[in-house]
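I opened the notebook today to look up a few things in this model, salt bridges above all. Here is what I wrote down, entry by entry.

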Amino acid sequence: QQPPIDVVEQAIIAHQESAHAAATSPSSQAVAISIPNQLHVLRTTSSGVRTLLLTLLNTKIRHSPSSVSPTENVVASLLDSVWCGLVYLSGTDGVGEPDVASGGEINSLCSTVCALAVRTKGGVPMLLQMAFAGAVNAESLSSLSGGGNSSAFGSVSGASGRQDNKNGRLGPIVALKIMARIPAEAAECSTCPVADIEADMLACVGFVLDVVCMVLNQLQQQEQQRIGANDGTKLALQVLSNWAGPCHITLTQISSVPLSSLADPTSIPKQQRPSLLDMLISVLSQPTSQSVPFDVVVAASEALMVPVLDGADFGTPTRLQASVALLGAIPSRGFLLNPIKVATEAVWEGDEAVRSLSNLASTIAAEEVDLVAEGAVPGCLELVDILLGLQVHRVHSAAIAPLETWLAVQDVPPSDRHPNFSAPLFGRVVQALLLRASYPRDFVSWEEDETDTLDRQEFDEMRRLASDILTSTYYLLRVDYIDVIVSSVSGRQSSWEAMESALWCLCAVSRDIVDEVKKNTDESNKAAKKLVGLAQQLCASDIQRQHVLVREAVATFLGKYSPIWNIHLSDSILDILAKLKAYVESGTAQAAAKATRQVLLGCSKSLILISQRAHQAHAGAVGTPTRTTPYVVSVALGTMMETVLSRGEEESVRLVAEGSARLCVQLRDWPLVQHSLCAVVDPIRTRLSLAFEHIQEHHQQQDQARLESCFHSLSSCLGAFEEVCRFCDVSTASSGDGMPKHHPLVEALTAVWPVITDISLSQTCRSHESTMTAVLAVHSALLSNTPELMAPHFPATVTFIVKLYEDQNNSAALDYVAAAVEQFGSAGSGEVASFSDLLAHLTRCTTSYLTTSRRPRDCPSLVEAYLEMCRRYLLYCPHALVACPEFSSIFALAVGCLGECSGNDCRAALLL
């Protein structure tokens, strides 16, 4: 019945017994097992065996529950072995650096001893006392006396006696590694009370800061050989970073005078000892990379940033004094300035240092934003200049951190800011962002970027953050914001990347500028005039000489500011549409299609007036030869649809179709509405017919690529017609002369319906799932918006839908049934019975498919469509649902899907 004892426990027990026997022997003198004997065992054991046993021991320590944790005697025995391993691997003289080959084993030993310490009450202070015995003086070690004592740690090989035992000391590098590892082991420990661990660590904070200060002081005095050169410096800074977070070390603490000058306690009076903050400032003020290597600069930046971020001492005089010291060191000592300059000159080698320094400078400015924005102490203006320089730095990631600073400054009321930190500062910020948001000159596209000089994720993140700053900056600068941007690209020699960046900066705040222009004030009219001038300049430019990204930016600009063109450029809307058509032809179909939709909607009033004037002019010229046409808008819509069908993807086609349909139904005159809709639908019908004919003629040939292209064209055309049907809503049309009572889509539908019918009957097309999905979507849109037109075709369509669902289990078929229930579900008792039978049949098909072919989690769209259809039954035809023979199966299926579904399909089940 005894619990199993593994190899590690056996080793522990054997070690404990031998230690007890040695301790009770007459020759024993308070030392359980002498260091020389332990070292002899370590030397005769291979490193592989030591590593394996150490791995097993670490696993045992971390995974043993607190109820079976080892006794103090076992801990003492374990610690004795581990300690001797550290002494052996770190150099027997106690001061040398460990061998590189043994670095991994030393790290594991450090983890082991730290894991034992944090799991022993009072173990952390005693561990540090043991690790630094002989390396520091008694004045500093006395700071650990309040941390308590553990008999397990205090009895290990005579910890206090080791201070006089040269062979029992650890090298400083290993001691620093132990100190750096303790916080991580404390965070991972789940078997001891958190309060005990925190108390142990807080008792050591003073000593930790003292050690870090010692190392940095030696660096300043160029005595690096005493601590292992820069490795010791980096380790000390890592110690500060690791301890500062969990122990909430503040600026106040690191700016206080340390307990002792560990480097040379006799030569420096306590009143003249430099603080840790002074040491960090000194490290980050060195003018050359030979004085402080870049990796040390990175470590120092990260170490200082944690106390700056800690807010436990916010509002205290000591925090203010420390912040003033940081800012004042910029002009007086070159703090931040010198290392940024050195790292910038060292291309590639200093990039990481620039990033770390940028994060530190931005953190100082953001955390002390009230002090910096006031500009009353030395260094504030210089810090802002540093951040502006970093904003346009060649290291792109270094330019992201300052963005948070500008947002923080904007939160400070203008009355509390220095005069230079309002409009003058943000005018410079806009200019900096114009440069920062620009692409490299040789950039083509993300797909063709082979230089790898620009990270897309970083670039997109920078623009996302910059857009928030630009928006708030516009409300500060108003028309001056537009002046700054437009003037940067007004010259003929402006580069393509400057033009693209300027247009992006304008588009980032387009909604706010449009809202201001609509107020029709003197200032907003000035802004509109400048934007109109820029638009005219862009429309007159040569497309072929523009970079592809500039074309996209111009199209986006023309679309986002369409409400302004509707007011101030109403006579040139057709010219703007012609320009967008040219952009579609030049290969920027997506951006141009989106802009076309925005122009058709935002400039609808102007387009209606243009159409009416053309119609009236043509009517007044009856009997007189004229080249004008009353359907200028219809012609523009038709040519745009034809162009985007031939050059754009399905999403682009849908955007143009939506904008065209929504514009057409707003025309007041029936002939204009009818002719415009036919002009939009005619190129759709033509290309639909051509694609279908080619499929019928060549479906048995081996050219699958060409056949798939035809199917793609078929789906694209059907998607365009679906958008026309969906947005051709008569209820939104303005009443006018000659508006008939029947639907305006009748003529266009009459032309397209035979082609849709042929596609539905074609076995080749019916076997292509995406094509059938597009056909069913058209049927659903027609049924939802033109039920009176589809009623005669409804019985035949339902038969087709059910047959298709039986063959393919296409979720679009269920969408059509849901639309049918909504339109005809409450018509009469006969329809209720039919709908009930239809639901029962579809439920049996769905249940069979989900239990025999695929699981619900594998077809979420089908599950969502089925449950949404059932919900429509419940809302619009509840009697058919209740009377359904499969009534219980419906809800059983819905409940069953809850166990497997997690997205919109699960949501549909809960709604039902």
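**Entry 1: the whole chain.** I began with burial: 52% of the 912 residues of the protein count as buried. I kept in mind that this is a predicted model. Next I looked up the secondary structure and got 47 helices and 0 strands. For the accessible surface I noted about 40400 Å², and carbon and sulfur atoms hold 52% of that area. I then turned to contacts with a separation of 6 or more, and found that 76% of them are between residues 24 or more positions apart.

**Entry 2: counting salt bridges.** How many salt bridges does a search of the whole structure find? I got 34. I picked some pairs to follow up in the next entries.

**Entry 3: a pair inside one helix.** I started with arginine 456 and aspartate 460, which form a salt bridge with their closest N and O atoms 3.9 Å apart. The cut-off is 4 Å, so a nitrogen and a carboxyl oxygen within that distance count. Where do these two residues sit relative to each other in helix α23? They are 4 residues apart in that helix, which spans residues 456–477, so about one helical turn separates them. I also checked their exposure: arginine 456 is partly exposed at a relative accessible area of 44%, and aspartate 460 is partly exposed too, at 39%.

**Entry 4: a pair between two helices.** My next pair was glutamate 642 and arginine 687, whose side chains meet in a salt bridge at 3.7 Å, N to O. Glutamate 642 belongs to helix α33 (residues 632–647) and arginine 687 to helix α35 (residues 670–698), so this pair ties together parts 45 residues apart in sequence. On accessibility, I have glutamate 642 as partly exposed at 33% and arginine 687 as partly exposed at 25%.

**Entry 5: a pair that belongs to a network.** Then I looked at arginine 654 and glutamate 723, a salt bridge with the closest N and O atoms 2.6 Å apart. This pair links distant parts of the chain, 69 residues apart: arginine 654 is in helix α34 (residues 650–664) and glutamate 723 is in helix α36 (residues 704–727). Is glutamate 723 buried or exposed? I found it buried, with a relative accessible area of 6%. Arginine 654, by contrast, is partly exposed, at 22%; the boundary for buried is under 20%, so arginine 654 falls outside it. I also traced the wider set, and a network of salt bridges links Glu650, Arg654, Glu722, Glu723 and Arg726.

**Entry 6: two backbone angles.** Last, I went to the loops. Which loop holds arginine 478? I placed it between α23 and α24 (479–488). Arginine 478 is not a glycine, yet it has a positive phi of about 60°. Its relative accessible area is 25%, so I put arginine 478 down as partly exposed. Asparagine 520 also has a positive phi of about 60° without being a glycine. I found asparagine 520 in the loop between α26 (510–517) and α27 (522–539). Is asparagine 520 buried or exposed? At 57% relative accessibility, it counts as exposed.

Technical notes:
Residues are numbered from 1 along each chain as its sequence is written. This is a predicted model: local features need pLDDT of at least 70, side-chain atom pairs count only at pLDDT 80 or more; totals for chains, interfaces and linings use all residues. Side-chain values use heavy atoms; hydrogens and water are left out. Buried means under 20% relative accessible area, exposed over 50%, partly exposed in between (1.4 Å probe, protein chains only). Contact means heavy atoms within 4.5 Å. Accessible areas come from the Shrake-Rupley method with a 1.4 Å probe; for residues, only the protein chains shown count as cover.
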